[in-house]
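Welcome to a short guided tour. Open your viewer, get ready to select residues by number, and follow along stop by stop.

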Amino acid sequence: MTNEITTSKAELQLALQSAGLNIVDYVPERLVPPVIVMTADSTYITPETVGNTYLLGLKLTLIAGNAVNEQATEKLDELIANTLNALADLHYVAFNNVIAPYRLAANNAEYYATDLNLNLSITI
């Protein structure tokens with residue numbers, strides 16, 4: 001039996017894939033940029049209203065390419081813009097922020113990345 005939390009994350013993943021973005025809902029053993037990794041945000045579930053409506057906090061880690069690549073900044077900016085455009089039509093998504101880019105160490109390499117934080121409105 002699938003619950004609303006799992007279903008909501010799967011719907012978001014499908015919507016972003018339909019927009020041409022490469023997104024996974026787990027941390028892969030090997031990163032192949034550009035890729036978006038969806039994980040729980042530090043505030044995972046909070047009440048939205050009285051009753052059974054909640055905000056599901058998610059973090060999308062946008063990974064554009066190798067951090068030493070001189071085009072990494074432009075590639076990351078493009079990935080951010082494409083993700084925001086894909087989210088714009090999803091009325092159940094509340095965009096919170098994008099943090100400053102950073103170097104993500106994984107697979108014996110450094111990647112240029114940033115985190116995009118958002119909330120999904122769900123009913124349990």
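The stops below visit a predicted model, going through some paired strands and then a few backbone details.

**Stop 1: strand β3.** Select residues 53-66, which make up strand β3. How many of its 14 residues are buried? The count is 10, so this strand is mostly covered.

**Stop 2: the partner β2.** Now add β2, residues 35-47. β2 and β3 pair in the antiparallel sense, with 9 bridges. To see one facing pair, pick Val 37 and look across to Thr 61 in β3. The two strands form a hairpin with 5 residues between them. In that turn, click on Gly 51, whose phi is positive at about 120°.

**Stop 3: the partner β6.** Keep β3 on screen and select β6, residues 109-123. This pairing is antiparallel too, over 13 bridges. Here Leu 62 stands opposite Thr 114 in β6.

**Stop 4: two asparagines.** Move to the loop between β5 (102-106) and β6, where you will find Asn 107 and Asn 108. Most residues other than glycine have a negative phi. Asn 107, however, has a positive phi near 55°, and Asn 108 has a positive phi of about 55°. Which class of exposure does Asn 107 fall into? Asn 107 counts as partly exposed because its relative accessibility is 35%. Asn 108 is exposed, with a relative accessible area of 88%.

**Stop 5: a cis bond.** Finally, select Pro 33 and Pro 34. Most peptide bonds are trans. The one from Pro 33 to Pro 34 is cis, with omega near -5°. Pro 34 sits in the loop between β1 (23-24) and β2.

Definitions and conventions:
Residues numbered from 1 in each chain as written. Predicted model: local features only at pLDDT ≥ 70, side-chain atom pairs only at ≥ 80, totals over all residues. Heavy atoms only, no water. Helix = DSSP H or I, 4+ residues; strand = E, 2+ residues; numbered from the N terminus. Buried < 20%, exposed > 50% of the residue type's maximum accessible area, 1.4 Å probe, protein only. Pairing = 2+ DSSP bridges.
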